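Here are my notes for the file. Please read them with the structure open.

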Amino acid sequence: LFFCAVMLSAWRGGLGAGLLASLLSSAVFVLWLSPPLVIGNDLRSEAPRFLMLLSVSVFICWLCSQQKRTQAALQLARDELEQRVNERTKELAASEAKLKEAQRLANMGYWERDLVADRITWSEETCRIFGLTTPSYTLNQTKLQEMIHPNDRQIQRQALTETVQLGRCHDVEYRIVRSDGDVRFIQIRDEIKTDQLGRAVRAFGTVQDITERKRAEALLHTQQQEIRAIVENTPDWIVRFDTTLRRTYVNPAFVRAIGIAKEVLLGSEPGSAADAGARIVKSEDLEFFRKALERVLDTGQPLNVENTWTLPTGRRYFTARLEPEFDTHGALTSILTIARDVTELKRHEEQLRQTQAELARVARVTILGELTASIAHEVNQPLMGVVTNANAATRWLAAVPPDLEEARLAVGRIARDGNRASEVIKRIRALMNKGEAVKVPIDLNELIQETITLTEPEVNHDRVTLRAELSPALPRVTADRVQLQQVILNLIMNALDSLSAVADRARVLHICSDHSQPDAVRVAVEDTGGGIAPQDTERIFEPFYTTKPHGLGMGLAISRSIVEAHGGRLWATPNNGAGVTFQFALPIQNGGVS
């Protein structure tokens, strides 16, 4: 019982309490429980028992305290271990969550196959890829075969057979059919684990949904097929050159145009003596094209060229686009050339130009028909002056004595009126002349003044106030004089037609020229007539559209085509008040100051 008391005290109170309990227990044992001590021999006989009790009690006290200390240390170690386990569990849970998220983003899952037990273990993402509404993380070969597309099951069986029998790893693709009927493409990659005898016992790997990639590849293949069909059947010439200017591809249209076998054309250097094309195309044409290719190689920039080739079928015109091609590192690898035969287009353009010139001549004749009365009046005036001065000269010569000075003045006036009539006829013949356009440097102010003189009788007849503000330092423009005069004449006649109907305000025609733009000159014809609606500012330039009761609707259309053929533009702007302003701008070419 004393020992139990010592053990309990040491366990509950520690080493100090245990020692105290040992002393007290020994004292109680000696003083109350032992027989009465007798001085002398009795005391010596009880000493061993006392010492043994005390020693055993101290030992038990020490042993209990050590055990308690050990238990406390074990508890502390257990708490620390539990804390580490919890932290590690949290880290593993976070890693697993990140792995799941990575698998979801990559459409990639994990799987493992026990080849001996024929059991497959899937990750959650793998179940999602296979479209399992209720995740089934384990299944066998039979269940897997049911989810594979019937036409692709043999691919999976063959891969499994090679894995089991040969221990071979695979990277295969096949289709699966989900429970909702959706067909998906997947890619399987695996690794093999073998036993000590080299037999495959376990396979593990990844499964990735590659449906979108397959669809993109199918779309790309379709587009490539369409592009190939276009390239093979287009009438344009398509040729690819490498950096040594050797042909690496030619399309059938180019082969047909050149008339040389494709095998001969590929690889031959353009422009060299060995080039088979030199037998068909003139060397100077090939040299021009070679220089264009070299320019693309030097600059790395695309280039548009126009050239002519003399082929057995005749002289051919073509336009070409030279497009440099680069690799992923930005290095130029080849030049793709797309050329189009525009011979027929050139021929049609020439025919159109001739037709426009003919229409322009008809328009000029039409305008002159409207000016017949005015022209007759203008020609009649100098002719009457000639007759009057001739009669006066006759009278001065018949006088006695003859007045030679007055006769000389009369003859001078005859010459002046004759030249005036000649200039009128010359201008009319120039406007009616049928011929090719001849572009020369022209003083626009002089041309405007000449046209104003031609229309002066009509201006006076319609009681129109004509104001001309011409810039005194107007640069010359390079143009066809007759065509440009036709434009000015047409604009003035249109303004006079509009002003002839005005009765409630002054009839004013304002013509000006200026050099407000640095690279162009401008001519404006402004009137105070009836004007045009804002929505008609472009329609009036359409062929056969007219606001005149007896107009053809060709004058403004032809005038715009003439101005645009000279590199300029013609437009109309309604005035803030009454009337409209027609103006055109022409570029300055080979010009100086007039």
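1. Start at Arg 522, which sits in strand β16. The model is predicted, and β16 (residues 520-527) is where the chain's confidence is highest, at a mean of 93. The side chain of Arg 522 has a polar contact with the side chain of Asp 514, at 2.5 Å. Another polar contact, also given as 2.5 Å, joins the Arg 522 side chain to that of Gln 583. Beyond four places in sequence, Arg 522 touches Cys 512, Ser 513, Asp 514, Ser 516, Gln 583, Phe 584 and Ala 585. Both polar partners, Asp 514 and Gln 583, are in that list.

2. One of those neighbours is a cysteine, Cys 512. Is Cys 512 buried or exposed? Its relative accessibility is 15%, so it falls under the 20% limit and counts as buried. Cys 169 is partly exposed, with a relative accessible area of 38%. How many disulfides does the structure hold? Zero.

3. Now the aromatic side chains. A ring pair is described by the distance of the centres and the angle of the planes. Searching the whole structure gives five aromatic pairs. Trp 237 and Phe 254 make one of them, edge-to-face, with 5.9 Å between centres and 75° between planes. This pair links distant parts of the chain, 17 residues apart: Trp 237 belongs to strand β7 (residues 237-242) and Phe 254 to helix α8 (residues 252-258). Trp 237 is buried, at 6% relative accessibility. Phe 254 is buried too, at 6%.

4. Phe 289 and Phe 318 come next. Their ring centres are 6.4 Å apart and their planes meet at 65°, so this pair is edge-to-face. Which elements does the pair tie together? Phe 289 is in helix α10 (residues 283-299) and Phe 318 in strand β10 (residues 314-326), so the pair joins parts 29 residues apart in sequence. Phe 289 is buried at 8% relative accessibility, and Phe 318 is buried at 4%. Ring pairs connect Trp 237, Phe 241, Phe 254, Phe 289 and Phe 318 into a cluster.

5. Phe 318 also leads to Asp 341, in strand β11 (residues 332-341). The C-alpha atoms of Asp 341 and Phe 318 are 4.4 Å apart, although 23 residues separate them in sequence. Outside its neighbours within four places, Asp 341 is in contact with Arg 316, Tyr 317 and Phe 318. Its side chain makes a polar contact of 2.6 Å with the side chain of Thr 343. Asp 341 is partly exposed, with a relative accessible area of 28%.

6. Look next at helix α16 (residues 555-565). Its buried residues are Leu 556, Ala 557, Ile 558, Ser 559, Arg 560, Ile 562 and Val 563. Just after α16, Gly 567 has a positive phi of about 85°. Further along, Arg 569 lies over the face of Trp 571, 3.8 Å from the ring centre.

7. Two backbone angles deserve a check. Most residues other than glycine have a negative phi. Asp 118, not a glycine, has a positive phi near 50°. Where is Asp 118 found? In the loop between β1 (108-114) and β2 (119-122). Asp 118 is partly exposed, at a relative accessible area of 34%. Arg 463 also has a positive phi, near 50°. Arg 463 lies in the loop between α14 (444-461) and β13 (465-470). Arg 463 is exposed, with a relative accessible area of 64%.

8. Last, confidence. The chain averages a pLDDT of 77, and 72% of the residues score at least 70. Among the elements, confidence is lowest in helix α2 (residues 15-33), with a mean of 65. Residues 37-41 stay under 50, and the model gives them five contacts beyond four places in sequence. Residues 590-594 also stay under 50, with 13 such contacts. Where pLDDT is low, the predicted coordinates should not be read in detail.

Definitions and conventions. Residues are numbered from 1 along each chain as its sequence is written. This is a predicted model: local features need pLDDT of at least 70, side-chain atom pairs count only at pLDDT 80 or more; totals for chains, interfaces and linings use all residues. Side-chain values use heavy atoms; hydrogens and water are left out. Rings of Phe, Tyr and Trp (its six-membered ring) pair if their centres lie within 6.5 Å; planes under 30 degrees apart count as stacked, over 60 as edge-to-face and the rest as tilted. Helices (H or I, at least four residues) and strands (E, at least two) are DSSP runs, numbered from the N terminus. Buried means under 20% relative accessible area, exposed over 50%, partly exposed in between (1.4 Å probe, protein chains only). A charge sits over a ring if NZ of Lys or CZ of Arg is within 6 Å of the ring centre and within 35 degrees of the ring normal. pLDDT is the predictor's confidence in each residue, from 0 to 100. Contact means heavy atoms within 4.5 Å. A disulfide is a pair of cysteine sulfur atoms within 2.5 Å. A polar contact is a pair of N or O atoms within 3.5 Å; within protein, one must be able to donate a hydrogen and the other to accept it, and residues adjacent in sequence count only if both atoms are side-chain atoms.
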